[in-house]
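Open the model in your viewer and keep the selection box ready. This tour goes stop by stop, with something to pick at each one.

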Amino acid sequence: MIRVLDKNVADKIAAGEVVERPLSIVKELVENAIDAGADSITVEIKNGGKSYIRVTDNGCGIAQGEALLAFKRHATSKIQSPSDLERIETLGFRGEALASIAAVSRCELITKPAGAKAGARVQIEASDVKSNEPVGCPDGTTIIVEDMFFNTPARHKFMKTDAAESTLIIDFISKMAIAYPNARMRMISNGNILFSTSGKGSALSAILTVYSSEIEKSLVPVAKEGEGLVLAGYTSQKGHSKPSKKMQVFFVNGRAVSSKAMERGVAEAYSDKLLSGRYPVCFLFLTMPPEMLDVNIHPNKKEVRFDDESKVSALIEDAVKEALLTKEAVPMIKRGNVFSFQKEVTESSAEPVSEESSSFMKAKREQVDINNILSTMREEVSLQLAEETAYFKEDEASYDAKKLDITRLVITGSIFSSYITAIDESSFYLIDQHAAHERVFYERLMNQYNSEEKQQQLLMAPFVVNVSTALKNTATDWICALQKAGFDIEEFGGSAFVVKAVPVFMTLGEADDFIEEFLDNAGGPADFRNAAAVEKIMSSACKAAVKAGSKLAAEEMRQLIFDLAKCDNPFNCPHGRPTLVRLTKDEIEKMFKRK
C-alpha cells in the first residue's frame, strides 16, 4: 500500500539532505546572519558542535509573530517566485535550514528586530514546539542547538571525533571571516576564544588573523575584470607552495565554493612554475551578475555552476599570470641566504666519516671558496672509487650473485646531482638518492616513533612555527605525534609553537622542513589514534626532508648506500617508487648491437 509518511519521519528524511554534521548547522546559521545584515557574529561550539552550537548576530532579527513561522519547511523571506531563482543574491534561499535543524536536535531561538518592545523565544525539540513566548533580549538573533542527532542515533554514530568536527567548523568560519571582512567574527570552542577579527574591512587582515601572519610574506595581490566578471584576492609567489590544495580558497559572490573551473584557472597559471604535486596558496574572490551562475544545485549550496566555465577559468589564469610577473611576486633575497647552496646532509652514519670528508663538510658549512670545494670533491670521488674497486676484487670470490647486497656495489659517481651510479660484475645500477634517502629518513622516523627511547639533539637556538587557528585547535593530537617522533615542541603563545629539540638523525634544516610539511598534511581532519593515518602523514612529510638535486661527496654516497641496506624495504621509497634500477651487461651489449 502507498502511504503518506508520518510528519516525524518525513522531517527526518528531509533534514538528512541539509544537516549532515555540525558544520552543516553552523554554515546555515552563519549564512542567515550575513543575509540578515549582521556586522557582528559570534559562533560558539562544544564537543565539535555535537553537544552545543550557539550563533549570535546583531542582524535585523525576526518579528515576534513570525518566529515560529521561520521553522516551517520552505518558509523564507529571500525569494517569492520561480524567477527569483535566476537571480539569487543571498547566501540562503531554500527555506529548509531551520526546519531541518529543529527536526534532529533540541533548538532554541531568541530574536528581536530593532525598535520592537519585546523579542520572541521559541523552543523546539525534534520538530515538536515546546514553547513560544515573548522575552526581553538585545536586537538581533541567537540560535542555540543542542544534542544533535539525539533522535537519529544511526546518523550520530557516523560523526567524526570532536577535534575533527570542530576543525571543519573553524575552517568554514575562517573562510567567512575572509569573505566578509566588514563583519566582526568571533570563534569560541569549549570556552576558548580561538580568534576574533576586527571587522574593519581588510580581507588581508582577516587572512592573517585566521591563518598565520607568516603567510603575508608570500602573498601577491590579484586583480582583474572583464565581461561582467570581477576578480580580486591574493596568490602565492612561485617559491611558496603546498603539498595539497587545502590552502586554495575560492569565493563567488561572497559564497565559499568548490569550483573545478576556478581550480583549473589557477593550475594553468602555475603549470610551468611548480613541481608536480605542489600547489599554490590562493584566496580568490569572484564577483559576477547572479544570473550568470546557478547556486541551486545541492542543498549545501557549496557547488556552483557557471554559464561559461571557460570564461571564468581564462580570467583567473590571466589574472594570476599577470600577478606573477609583478615586482611583488619576486621572492626577496635576505641576508643569510645569499650564499646558502644546499642543506647540510645528516651526520648520523653507520660508518665513521673520513677526516678528508669531515674537512670537506666543514668547508661547505663555512661557505669558503667554491673552486676549492669542487676540487676537494673530485679528489675524494677518485680516491673512494679506487678503494671500492680494490675492495670488490678482493671479495669477489665470496660474492653471492643471486642475492643483491647493495653495500657491495662499486660506486662510480653520480649524474644530474640526483642519481648515484654503481656497478657489480654483471650489471649497472642507478640509485635515486632522493628516493633512497626518503626511505632511510622514513624508517628512522617510524622506528623512533614506535620506540620508547627517543634520541634527540637539543637546539642551542630553538625555532618557532606559526600555525592556523584551525590547526591550533587540534594541537593536542599532532603535538603528541611529533613528540613520539622525537621532537620537543610546546605551545609558545597565540598560534606559535616552539621547537626545542629534534631527532638526532635530522639536521636543523631537515627538521624545519619536515615540521612544515607535517603540519600541512595534518591540516585536515586526521585521526591520530589510527596508526595507518599517522604513517601516511609521516610518509608525506618526509618528502620535504630528503636530498633532491644535491651534489654528494663520495663518502656521503657510500653512507647513503649503507643506510639504505639497513632498511626493511630498501628497494622502494615510502610511496612505492623504486630506489634503484638495474641494467645488465647483456642488455647494454644488445643496445650497442654486440649481441
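A disulfide here is a pair of cysteine sulfur atoms within 2.5 Å. By that test, this predicted model holds 0 disulfides.

**Stop 1: two cysteines**

Select C137. Is C137 buried or exposed? C137 is buried, with a relative accessible area of 16%. Now select C567. C567 also counts as buried, at 10% relative accessibility. The reasoning is brief: buried means under 20% relative accessible area, so C137 qualifies and so does C567.

**Stop 2: the whole protein**

Zoom out and colour by secondary structure. The protein has 17 helices and 22 strands. Of its 595 residues, 46% are buried. Switch to a surface view. The protein exposes about 29,700 Å², and carbon and sulfur atoms supply 51% of that area. How much of the contact set joins residues 24 or more positions apart? Among contacts with a separation of 6 or more, such pairs account for 68%.

**Stop 3: a hairpin**

Select 119-135. Strand β4 covers residues 119-125 and strand β5 covers residues 128-135. They run antiparallel, joined by 7 bridges. Click Q123, then look across to β5: its bridge partner there is S131. β4 and β5 form a hairpin with 2 residues between them. In the turn, check the backbone at A126, where phi is positive, at about 55°.

**Stop 4: helix α6**

Select 203-210, which is helix α6. Which residues of α6 are buried? They are A206, I207, L208 and V210. Now show what these buried residues pack against. Two helices are on the list: α5 (162-179) and α12 (469-473). The strands are β8 (192-196), β9 (219-226), β10 (229-236) and β13 (282-287).

**Stop 5: a sheet of three strands**

Move to the open sheet with the order β19-β21-β20, where the pairing is antiparallel. Select 456-466 for β19 and 488-493 for β20. Why is one side of each left without a neighbour in the sheet? Both stand at the edges with a single partner strand each, so one side of each has no neighbour there. Neighbouring strands of this sheet are turned by 20° against each other on average, direction ignored.

Add 496-503, which is β21. β20 and β21 pair in the antiparallel sense over 5 bridges. Click G493 and look opposite: A496 of β21 is there. Next, select helix α14, residues 508-521. α14 packs on the sheet and touches β19 and β21. Its direction makes about 40° with that of β19.

**Stop 6: aromatic rings**

Show the aromatic side chains as sticks. The structure holds 7 aromatic pairs. Pick F441 and F505. Their ring centres are 5.6 Å apart and their planes stand at 80°, so the pair is edge-to-face. This pair links distant parts of the chain, 64 residues apart. F441 is in helix α11 (residues 433-450), and F505 is in the loop between β21 and α14.

Are these two rings' residues buried or exposed? F441 counts as buried, at 2% relative accessibility. F505 is buried too, with a relative accessible area of 7%.

For a last selection, add F487, F514 and F518 to the pair. Together with F441 and F505, they form one aromatic cluster.

Technical notes:
Residues are numbered from 1 along each chain as its sequence is written. This is a predicted model: local features need pLDDT of at least 70, side-chain atom pairs count only at pLDDT 80 or more; totals for chains, interfaces and linings use all residues. Side-chain values use heavy atoms; hydrogens and water are left out. Two strands pair if DSSP finds at least two bridges between them. Helices (H or I, at least four residues) and strands (E, at least two) are DSSP runs, numbered from the N terminus. Axes are lines fitted to C-alpha atoms, for helices over the stretch in contact, and angles run from 0 to 180 degrees between N-to-C directions. Contact means heavy atoms within 4.5 Å. Buried means under 20% relative accessible area, exposed over 50%, partly exposed in between (1.4 Å probe, protein chains only). Accessible areas come from the Shrake-Rupley method with a 1.4 Å probe; for residues, only the protein chains shown count as cover. Rings of Phe, Tyr and Trp (its six-membered ring) pair if their centres lie within 6.5 Å; planes under 30 degrees apart count as stacked, over 60 as edge-to-face and the rest as tilted.
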